[in-house]
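Got the model open in your viewer? Switch to cartoon view, keep the selection box handy, and follow along stop by stop.

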Amino acid sequence: MPTFAAHDGTTLAYHVHGSGGRPLVCLPGGPQASAYLGDLGGLSAHRRVITLDLRGTGDSATPADAASYRCDRQAEDVEALRAHLGEDRLDLLGHCGGANLAVRYAARHPARIARLVLITPSTRAVGVDIAGEARREVARSRAAEPWFAEAYAALERITAGEGRPGDGSLIAPFTYGRWDAPARAHHADGERRLSREAAAGFGAEGAFDPAATRAALKALDAPVLVLAGEVDVAGPPAAMSEVAGLFPRAELVVQPSAGHFPWLDDPVWFAGTLRNWLDQTALDQTALDQTVR
C-alpha cells in the first residue's frame with residue numbers, strides 16, 4: 001500500500017487498481033475509506049485507477065490538527081498526491097462528497113486539471129440547492145418497490161426537517177438502482193467505514209465558498225463530465241444538469257436506472273462510458289494541440 005506525506009506531514013494512503021494507462025485519481029465521499037469505490041466497475045482494466053483514503057479514513061493517518069479535515073484545506077492533499085505521482089496534470093474524479101473536494105481543488109489549481117469527472121456529486125461546494133420536491137419526484141418513480149412505503153415516509157420526514165433517528169438508514173434503498181443483497185452489503189460496509197469525526201470536520205464553517213468557487217470554475221479550461229443516476233434521490237438529474245452548467249466545457253450523462261453508486265448498478269455501462277469519454281477527450285486535446293502548433 002503506497003503512502004505519501006500531505007502538506008502538513010500527515011501520512012496519507014492510496015490504492016492502485018490496474019497497471020495500464022494514464023492514472024485516474026479518485027476522491028471518495030463520506031468522508032469514508034475509498035474501498036467502497038472498488039475499481040469503479042472494472043475501469044481498472046483500461047485505466048490505472050488510484051483511490052485516495054482521505055485523512056483520518058481507511059489506511060490514512062489521523063491528522064494532529066482536526067481543523068485540517070476541512071474540505072478546502074484538503075485540496076492541498078490532492079496537490080501533494082499529484083506531485084508525489086509526478087503528474088503535471090491530473091485526470092481527477094470525485095464521487096458524492098468527494099466531488100466537493102475535486103471542485104475546490106480545480107478552482108484553486110485549474111492548470112493542474114486535465115479532465116474532471118463528477119459522479120453523482122454533492123453540490124455544497126458550488127451552492128446548487130436541491131429542493132425536497134425534486135428528491136420526492138425521483139423517489140416516487142420507485143413506488144412499485146416493496147420497501148417504498150417505509151422509505152418514502154422517512155424521506156418525507158427528512159425533507160420536511162423532521163427526520164427521526166434511523167431515517168437515514170430507511171432511505172438507503174433510494175440510493176441504489178436495485179436494493180438487493182449486494183446493495184445491502186455495500187451500504188452496511190460503507191456505514192462501518194464512515195468517519196464521523198472526518199465528516200464533521202469536512203464541512204466545518206469556512207469549508208465552502210460557493211460564489212468564489214463558481215466564479216473560478218467558469219474559467220476552467222478542461223473538459224468536465226457530470227454523471228447522474230436516473231433514480232438517485234441524492235442528486236436528481238435536473239440538479240446535476242445545473243452543476244454541469246457551471247463549467248464552460250461540461251457534458252451531462254444520465255445513467256439509466258442507476259442510483260448514487262452507478263458503477264454497482266451497471267458496471268459495464270458505467271466503465272464503458274467513462275472509458276469512452278476519457279479516451280475521446282484525450283484525442284480531442286491531442287488534435288487541438290497539433291492544430292495550435
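**Stop 1: the middle of a ladder**

Select His-15 and Thr-51: Thr-51, in strand 4, is the bridge partner of His-15. Before you click on, note that this is a predicted model, in which local features need pLDDT of at least 70 and side-chain atom pairs count only at pLDDT 80 or more, while totals for chains, interfaces and linings use all residues. Numbering starts from 1 along each chain as its sequence is written, and side-chain values use heavy atoms, with hydrogens and water left out.

Now widen the selection to strand 2 (residues 11-17) and strand 4 (residues 48-52): they run antiparallel and are joined by 4 bridges. Strands here are DSSP E runs of at least two residues, helices are H or I runs of at least four, and both are numbered from the N terminus. Two strands pair if DSSP finds at least two bridges between them.

Add strand 3, which runs parallel to strand 4, again with 4 bridges. On this side, look for Leu-24, which stands opposite Val-49 of strand 4. Of the 5 residues of strand 4, 4 are buried, where buried means under 20% relative accessible area, exposed means over 50% and partly exposed is in between (1.4 Å probe, protein chains only).

**Stop 2: the whole sheet**

Zoom out and colour the strands. There are 8 of them in an open sheet, ordered 1-2-4-3-5-6-7-8, with mixed pairing. Strand 1 (3-5) and strand 8 (250-255) are the edges; each has a single partner strand, so one side of each has no neighbour in the sheet. On average, neighbouring strands are turned by 25 degrees against each other, direction ignored; the axes are lines fitted to C-alpha atoms, for helices over the stretch in contact, and angles run from 0 to 180 degrees between N-to-C directions.

**Stop 3: strand 7 and its partners**

Select residues 224-229, which are strand 7. How many of the residues of strand 7 are buried? The count is 6 of the 6, so strand 7 is largely enclosed by the rest of the structure. In a regular strand the side chains alternate between the two faces of the sheet. Here Val-224, Val-226 and Ala-228 point one way, Leu-225, Leu-227 and Gly-229 the other, and all are buried.

On one flank, strand 6 (residues 113-119) pairs with strand 7 in the parallel sense over 4 bridges, and Ile-119 stands opposite Leu-227. Strand 8 also runs parallel to strand 7, joined to strand 7 by 6 bridges. Gly-229 has Gln-255 of strand 8 as its bridge partner.

Stay on Gln-255: at 0% relative accessibility, it counts as buried. Beyond its neighbours within four places in sequence, Gln-255 has contacts (heavy atoms within 4.5 Å) that include Leu-227, Glu-230, Pro-262, Asp-266, Trp-269 and Phe-270.

**Stop 4: helix 2 and a helix 1 residue**

Pick residues 97-108, helix 2, which lies across strand 3 (23-27), strand 5 (90-95) and strand 6, at about 145 degrees to strand 5. Then jump to Asp-72 in helix 1 (residues 71-85). Asp-72 counts as buried, at 8% relative accessibility. Asp-72 and Arg-104 are 32 residues apart in sequence, yet 6.2 Å apart C-alpha to C-alpha. Arg-104 is one of the contacts of Asp-72, along with Arg-108, Gly-206 and Ala-207, leaving aside neighbours within four places in sequence.

**Stop 5: the empty spaces**

Switch on a surface. On a 1 Å grid over the protein atoms alone, a cavity is a set of points where a 1.4 Å probe fits but cannot get out; a pocket is an open set with protein on both sides within 12 Å along at least five of seven lines; lining residues have an atom within 4 Å of a point. Points are joined across faces, edges and corners, and a volume is the space filled by probe spheres set on them.

The largest pocket holds about 1100 Å³. To centre your view on this pocket, select Gly-30, Cys-96, Thr-175, Ala-234 and His-260, the nearest to its centre of 39 lining residues. Helix 6 (181-193) is among the helices supplying at least two lining residues, and helix 6 gives the largest share, 4 residues.

Last, the largest cavity, about 50 Å³. Its lining includes Ala-99, Asn-100, Val-103, Leu-118 and Val-243, with helix 2 giving the most, 3 residues.
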